[in-house]
Amino acid sequence: MGADRGIHVEVSGKDYESLGPLQVSKIMAALAKKEEAQLIILGKQAIDDDCNQTGQMTAALLDWPQGTFASEVSLDGDNVKVVREIDGGLETIRINTPAVLTADLRLNTPRYATLPNIMKAKKKKIANVKPADLGVDLTSRLEVLRVDEPPQRQAGMKVETVEDLVAKLKDAGKV
Amino acid sequence: MLRCYRHVKGFLKPLAETSRRRRTSAPCLSEDHIRRFISENTEVVVGRSLTPEIQLKLFTPNCRFWTERPELWPFTDPYWAIYWPGGQALSRYILDNPGVCRGRAVLDLGSGCGASSIAAKLCYAAHVVASDLDPVSAVVTRLNCELNNVEPPVCVTDDMIGSDPAGFDLILLGDMFYDEALANRLYRWLDRCIKTHCTKVLIGDPGRALFEGHDIRKLLHHVAQYELPESVREENYGLISSHVWCYQS
């Protein structure tokens with residue numbers, strides 16, 4: 001999409017299984033310091049764990065301002081103006097950089113990578129880094145006790161006539 | 001004249017349809033086959049670049065391979081199918097400064113679609129050699145020369161980097177600093193060319209991170225800057241302008 005280079009932080013095995021927002025935030029914070037980043041942009045909430053924590057934790061670890069649930073972002077010198085999607089409507093804030101932003105669905109319409117950029121991307125460097133190289137401890141502070149699947153949806157029944165339907169509903173005590 | 005191209009990955013559909021047996025051995029493809037394949041898979045693009053006066057057969061969003069799976073492309077990566085912003089700036093500079101090429105022996109290194117060679121020809125260069133490792137680039141360059149009514153340059157597929165460039169007054173490099181290993185080889189070789197033959201080197205680059213951070217950058221002087229048209233910016237996210245640099249002793 002036009003980035004100059006990438007960094008792949010390799011996490012595997014048990015560390016990968018127990019990786020959560022706290023660990024990712026620590027990695028992000030360490031990288032931000034190392035690369036002297038001015039802006040960190042993250043998703044607001046992942047669909048696997050629904051945590052909505054990584055952006056906020058990263059900002060806290062770095063002591064940076066945060067603009068979360070951003071549906072509009074504009075840079076203005078050393079500041080960023082962020083319009084946030086909140087329950088009550090839209091909130092506009094101005095924060096200093098460096099800052100952490102988390103993206104809301106309405107931030108933009110995703111584009112496809114163009115062929116020229118795909119071809120150039122093949123030649124761009126992706127550095128491989130281990131969390132230990134960044135001085136990050138990935139030990140989880142959480143113990144997952146249980147994961148239950150939602151109850152199986154029971155199969156329905158087909159009826160031929162409206163009378164049948166009423167009879168079945170009476171049987172089930174619904175009418 | 002039949003030319004054989006053995007640098008083929010996968011298989012070429014029309015060829016496979018005519019002979020199943022040939023799929024198992026390296027197919028030998030004629031220039032005509034390749035010309036037809038190129039014409040079927042590119043569009044003639046006029047305008048939408050820094051050099052609207054040069055027509056080129058390129059990939060556009062209307063072409064199959066703009067969105068097709070890359071592994072189905074039967075040749076090496078088609079760098080010639082894109083008019084790279086670095087090459088655009090270089091060609092623009094040549095056309096705007098015809099004295100640069102007039103009467104000179106010019107080497108277009110990494111010629112791709114051949115645009116810079118065409119620009120040099122249009123400015124009455126005495127002799128133009130278009131060099132590209134990809135043999136399909138040579139076919140495309142000849143096609144593009146026909147489109148623009150210029151005599152084709154001499155097309156070579158040998159790796160010129162490292163060779164002795166005696167006989168060239170000017171070396172053109174359009175958007176060649178996108179790979180670190182290649183950039184380092186170019187740097188060492190160009191340095192020798194300049195020191196031993198006083199060759200002039202013109203480099204077109206849109207400000208790629210690798211180029212901006214490379215040692216060679218410190219030895220160049222800036223000769224031109226062009227703002228990229230909107231269509232080029234859309235196809236090359238992150239690039240806004242393209243520049244021409246001169247490397248001279």
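Across all chains of this predicted model, a search of the whole structure finds 13 aromatic pairs. Start the tour with some of them in chain B.

**Stop 1: aromatic rings in chain B**

Select Trp73(B) and Phe75(B). Their rings form an edge-to-face pair, 5.9 Å from centre to centre and with 70° between the planes. Trp73(B) and Phe75(B) are both buried.

Next select Tyr79(B) and Tyr178(B). The ring centres are 5.7 Å apart and the planes meet at 25°, so this pair is stacked. The pair joins distant parts of the chain, 99 residues apart: Tyr79(B) is in the loop between helix 3 (64-67) and helix 4 (85-96) of chain B, and Tyr178(B) is in the loop between strand 6 (170-174) and helix 7 (180-197) of chain B. Tyr79(B) is buried, as is Tyr178(B).

Now add Phe37(B), Phe59(B), Phe65(B) and Trp80(B) to Trp73(B) and Phe75(B); ring pairs link these residues into a cluster.

**Stop 2: charges from chain A over rings of chain B**

Show both chains and select Arg111(A) with Tyr237(B). Arg111(A) lies over the face of the Tyr237(B) ring, at 3.6 Å from the ring centre. Then select Lys120(A) and Trp84(B). Here Lys120(A) lies over the face of Trp84(B), with 4.0 Å to the ring centre.

**Stop 3: strands 3, 4 and 5 of chain B**

Select residues 127-131 of chain B, which are strand 4; four of its five residues are buried. What runs beside strand 4 of chain B? Strand 3 (residues 105-109) of chain B runs parallel to strand 4 and is joined to it by five bridges. Strand 5 (residues 154-156) of chain B is also parallel to strand 4, with three bridges between them.

Ala130(B) is a useful residue to centre on. Asp108(B) stands opposite Ala130(B), and Ala130(B) in turn stands opposite Cys155(B) in strand 5 of chain B.

Colour the connecting helices next. Strand 3, helix 5 (residues 115-122) and strand 4 of chain B make a right-handed β-α-β unit. Strand 4, helix 6 (residues 135-147) and strand 5 of chain B make a right-handed β-α-β unit as well.

**Stop 4: helix 5 of chain B**

Keep helix 5 of chain B selected. Which of its residues are buried? They are Ala115(B), Ser116(B), Ser117(B), Ile118(B), Ala119(B) and Ala120(B), making six of the eight residues in this mostly covered helix. The buried residues pack against several elements of chain B: strand 2 (56-58), helix 4, strand 3, strand 4, helix 6 and strand 6. Following the helix is Tyr124(B), with a positive phi near 65°.

**Stop 5: hairpins in chain A**

Move to chain A. A UniProt annotation from an unreviewed entry, "domain: Electron transfer flavoprotein alpha/beta-subunit N-terminal", covers residues 1-138 of this chain. That span is 26% helix and 33% strand, and its end C-alpha atoms lie 30 Å apart.

Within it, select strand 3 (residues 66-76) and strand 4 (residues 79-86) of chain A, which run antiparallel and are joined by six bridges. Leu75(A) has Val80(A) in strand 4 as its bridge partner. The hairpin has two residues between the strands, and Gly77(A) takes a positive phi near 65° there.

Extend the selection to strand 5 (residues 89-96) of chain A. Eight bridges join strand 4 to strand 5, again in an antiparallel arrangement. These strands form a hairpin with two residues between them, and Ile86(A) has Gly89(A) as its bridge partner.

**Stop 6: backbone exceptions**

Most residues other than glycine have a negative phi, and most peptide bonds are trans. The residues below depart from that pattern.

- Thr97(A) to Pro98(A): this peptide bond is cis, with omega near 0°. Pro98(A) lies in the loop between strand 5 and strand 6 (99-103) of chain A.
- Phe69(A): phi is positive, about 55°, although this residue is not a glycine. Phe69(A) is in strand 3 of chain A, and counts as buried because its relative accessibility is 17%, under the 20% limit.
- Cys198(B): phi is also positive, about 55°. Cys198(B) sits in the loop between helix 7 and strand 7 (200-205) of chain B. Its relative accessibility is 58%, so Cys198(B) counts as exposed.

Terms used: Residues numbered from 1 in each chain as written. Chains lettered and ligands numbered in written order. Predicted model: local features only at pLDDT ≥ 70, side-chain atom pairs only at ≥ 80, totals over all residues. Heavy atoms only, no water. Buried < 20%, exposed > 50% of the residue type's maximum accessible area, 1.4 Å probe, protein only. Pairing = 2+ DSSP bridges. Right-handed = clockwise from strand over helix to strand, strands pointing away. Phe/Tyr/Trp six-rings, centres within 6.5 Å; stacked < 30°, edge-to-face > 60°. Lys NZ or Arg CZ within 6 Å of the ring centre and 35° of its normal. UniProt positions renumbered as here; feature names shortened; annotations may be inferred. Contact = heavy atoms within 4.5 Å.
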